[in-house]
Each structure stands twice: as C-alpha cells, then as structure tokens.
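Colleague: Can you put the model up? I have a few questions about it.

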Amino acid sequence: MKYQFPRDFWWGSASSAPQTEGESLSGGKSATIWDTWYAKQPGRFHQQIGPQQTSTFYQHWQQDIALLKQLNHNSFRTSISWARLMPKGRGEVNPEAVDFYNGVIDELLAQGITPFINLFHFDMPTVMQEQGGWESRYVVDAYAEYADTCFRLFGDRVQHWFTFNEPIVPVEGGYLYDFHYPNVVDFKRAATVAYHTVLAHALAVKKYRQRELGGEIGIILNLTPSYPRSENPADIKAANIADLLFNRSFLDPVLRGEYPTELVALLKDYDQLPECQPGDSALILEGKVDLLGINYYQPRRIKCRDSRVNPDAPFMPEWLFDYYQMPGCKMNPHRGWEIYEPGIYDILTNLRENYDNPRCFISENGMGVENEQRFSQNGQINDDYRIEFVSEHLKWVHRALAEGSHCLGYHMWTFIDNWSWCNAYKNRYGFIQLDLKTQQRIVKKSGEWFAATADNQGFDEVEKND
C-alpha cells in the first residue's frame, strides 16, 4: 500500500540551540542554567558530558544545512539562544549572535528549507534565573523583550515562530521531580512557573502580531494521551486529572484562551493556585496560537491510587493518580519507553473533535537507541527499527488526515545525534550519526529512507523484520 501525503506537507526535523550549537560560553554567549548546573554538579550529567560538548552546529552550520538539503528537508526547526543573543537577558544585543543566526536563516532559505524558529528550549539564561526565573514577572517581561528583539531582527525572513518548546518540562523537571535545575520540589512554585510561562507566551504572541510581519506564531507542546487502566470510574477520573495537569494546563490556554474550570477548581481545592493579577485573563485570551506543534513520544497509562498518601510528604500530582504498566505493550527496548503509534492519531482526533481542528503539525517524534554503533554495517548505521518507528507513526497521521485533521507536516527528532540534557549522548536519535571524536557526520539508513519519503511525498508499506 502507498501512503501518500499532501504536496505541501512539511518534511523535516527538529533540534535546539542548547543541544546542537556548542560554544556554550564563547561567541559572546552568557551562561544558561545548564552551564551553571554543570559547573556545580557535573556528576548529575551522564559521563560528566556537559553543554559545551554538543554537535558543533555553531562551527559546522553550513555543512549541516547541506546535509538537511541532502535529506530533502523542506523545513527545519531550531531555536535561538536567549543567552547568546542577549547575554545580559535584556538590553544589549550580541552582534556575533546576530551574524550567526542571520547566516543560518539565510542559508536555510537559499537551500529551499523553511526555517521554523523557536524562542525557548529549556535554556534560561543564568542572569534571568538569578532574578527568579519563571517564578518572576520581571523575567516574563524580559522574555517578551527578547522575543520582540528576535521578531525585529529576523521576522522579515522567518515566517513560522514558536514561543516555547514543551513548556511543561521545565515545570516538571525544575520544580516538581528534580531532573532539571533549579531542582525545586514544590507544587505551588511549579504552578506559578507554568502560569507565568503562559503569560510570557501570550505577551510574545501579542508583540509579534503588533509588528504585522505576515507570518504566524505558535507553541510546541508535548502531548501525552492519558489512557485509564479500565472503564472503572475511579480510573477514568484519575486519567482525566493527569490529562488536566500535564496536557490541558497548556493546551487550553493556547487554543481556547482560557484555563479549564476543572483545573482551576482542582488547584483551588488543594490550595495550589498561582497568584493572578488584573489583566491576566485578557492577555491569555490574546495568546491563542496560529499554529500548534505537537511532540509525541509515548502514552501515559493511568490508574487510580490504591494506597494512601503520606500526609507529611510534599503535595504532588501523584497524590491524585498512579501510573500503570500495561501488560503486553510494545516497548523500545533500548530506551524503556512504550511505543504506541495510535497515540498520535488520538491526539489529532482530540484536537479535531474538541478544539476546532487547529492548524498543527507533528513537531517531534523519535526513537532513542543506546549504543547504536552495534547496528553499524559497512560504515553505516542500519537503523531499520527507526524506519519502522517513523513509518508506523506516519500511517496514523495519514489516517487522521484522511478523516479531516488539519495536520500540516512531520518533523523527526532529530536531524543529527545531539547532546541531551543529563543523558548526553547515551541515546541516539538522529538521521545522521555523529562521531564525537572526529565530528564526522554519516547519514544513517533511516536518513536515506526519509529523504526518499520526502521526495516521493509518501512511502510504500515497509516490510517488518522478524
């Protein structure tokens, strides 16, 4: 069977400044929270590999864009580093950064690749974190100034902007579960961070529209469908709460311009509501997006709690539900994540049926594999597993399109094996293999398959390996 996609479908991949650029304390760039955390606790980073050692895009961007062209990308997402562009967080602009980003944008356009530019990918400048990070309205205003600076400098050529990538992750990692700096465990502070991020998003959207640049602005959310263990009302209620906290807490403000009343009531019941100010609701209403990016990796399996909560423990989302390992599910044995391809269809269907079918695209979907070198044959990574992963997800995107979903494209995470927060290079995700010692780039088998798929605007049924 042939899976054909629209002629103007976006084929590409996604990356980020802090995971690819390198030169994390040079070229005029100031420290981000990653540089600061690494300096304080290098042992928290896999093999003590920090943010300096990324995939050297700052040095090799022309070569890398040529490889994007070779992979038949018609679009590519990356981010601008706030700490590189405005090292003090506000005010002065770094001319070296302006030259670098101008070069990248111009070269992408010259190669027929549409730049999708994201403004924030977990990389809070340390000078802004010292002002309180997303707990501070001062930082919200500073971010809006930074966003407006980007629109002024690059908005004549960039037509697709995104305010945040996965804004729930700094909330979870930095303020709930201790896997990102500043390693706070405090639900109310987490709720404040989430709320201020939505305000920052809405301010940036407002500033973009005031400039009348003719493009569009959106946000990228990691949407993780919450499936109840059973039809028991207790399981269904638990799954709904997980959905409210982890999906709808951002989805509803950016698509509907308001928070779900159920979420507000829930946080009020547990005395976890962030502090609101007059004018906030009107601002949030102005933040409704033109385009939604959807990152999808795995589902969330939920059941009701079957044990009592320790009343002396800090309040956490898991007071209200528990996780459930579904027997017999398909797993990525290399990463420990469930692979559930219909989840991507369920997300698109939910958006179509419950959110007026917004313009959207799959902005990330990918498969991380440890020690991928073991699959090398004749000098090339033979990653048939990744081809199967991508094609099986694309089949469900194809079905959603046939049913009327307004999904405009598919971007893989990621273009080239890159540095990943605390895991460094443990799990490889790229279409292109990166040799860390030589910086040599070699296209994997999946990269060749994706290039052919983009060229043909679709693919034939992939034969599965036994």
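Colleague: How far apart are the mean positions of the positive and negative charges?
Modeller: They are 1 Å apart, taken over 45 positive and 60 negative charges. Lys and Arg count as positive, Asp and Glu as negative, while His and the chain ends are not counted. Each charge is placed at NZ of Lys, CZ of Arg, CG of Asp or CD of Glu.

Colleague: And what is the model itself?
Modeller: This is a predicted model, where local features need pLDDT of at least 70, side-chain atom pairs count only at pLDDT 80 or more, and totals for chains, interfaces and linings use all residues. Residues are numbered from 1 along each chain as its sequence is written, and side-chain values use heavy atoms, with hydrogens and water left out.

Colleague: What radius of gyration does the protein have, and what would a compact globule have?
Modeller: The protein has 21 Å, which agrees with the value near 23 Å for a compact globule of 466 residues. The radius is taken over C-alpha atoms, and the globule rule is 2.2 Å times the number of residues to the power 0.38.

Colleague: How much of the protein is buried?
Modeller: Buried residues are 60% of the 466. Buried means under 20% relative accessible area, exposed over 50%, and partly exposed in between, with a 1.4 Å probe and protein chains only.

Colleague: How many helices and strands?
Modeller: There are 15 helices and 21 strands. Both are DSSP runs numbered from the N terminus: helices are H or I with at least four residues, strands E with at least two.

Colleague: Take helix H5. What does it pack against?
Modeller: Its buried residues pack against several elements, among them helix H3 (57-70), strand E4 (114-118) and helix H7 (137-154). Those buried residues include Val98, Phe100, Tyr101 and Leu108.

Colleague: Val98, then. Why does it count as buried?
Modeller: Because its relative accessibility is 14%. Leaving aside neighbours within four places in sequence, valine 98 is in contact (heavy atoms within 4.5 Å) with Leu85, Val93, Leu153 and Phe154.

Colleague: Where is glutamine 439 relative to valine 98?
Modeller: Their C-alpha atoms are separated by 25 Å, and the two are 341 residues apart along the chain.

Colleague: Changing topic: is aspartate 235 buried or exposed?
Modeller: Aspartate 235 counts as buried, at 1% relative accessibility. This residue lies in helix H10 (residues 233-256).

Colleague: Which residues is aspartate 235 in contact with?
Modeller: Outside its neighbours within four places in sequence, aspartate 235 is in contact with Pro228, Arg229, Ser230, Lys303 and Cys304.
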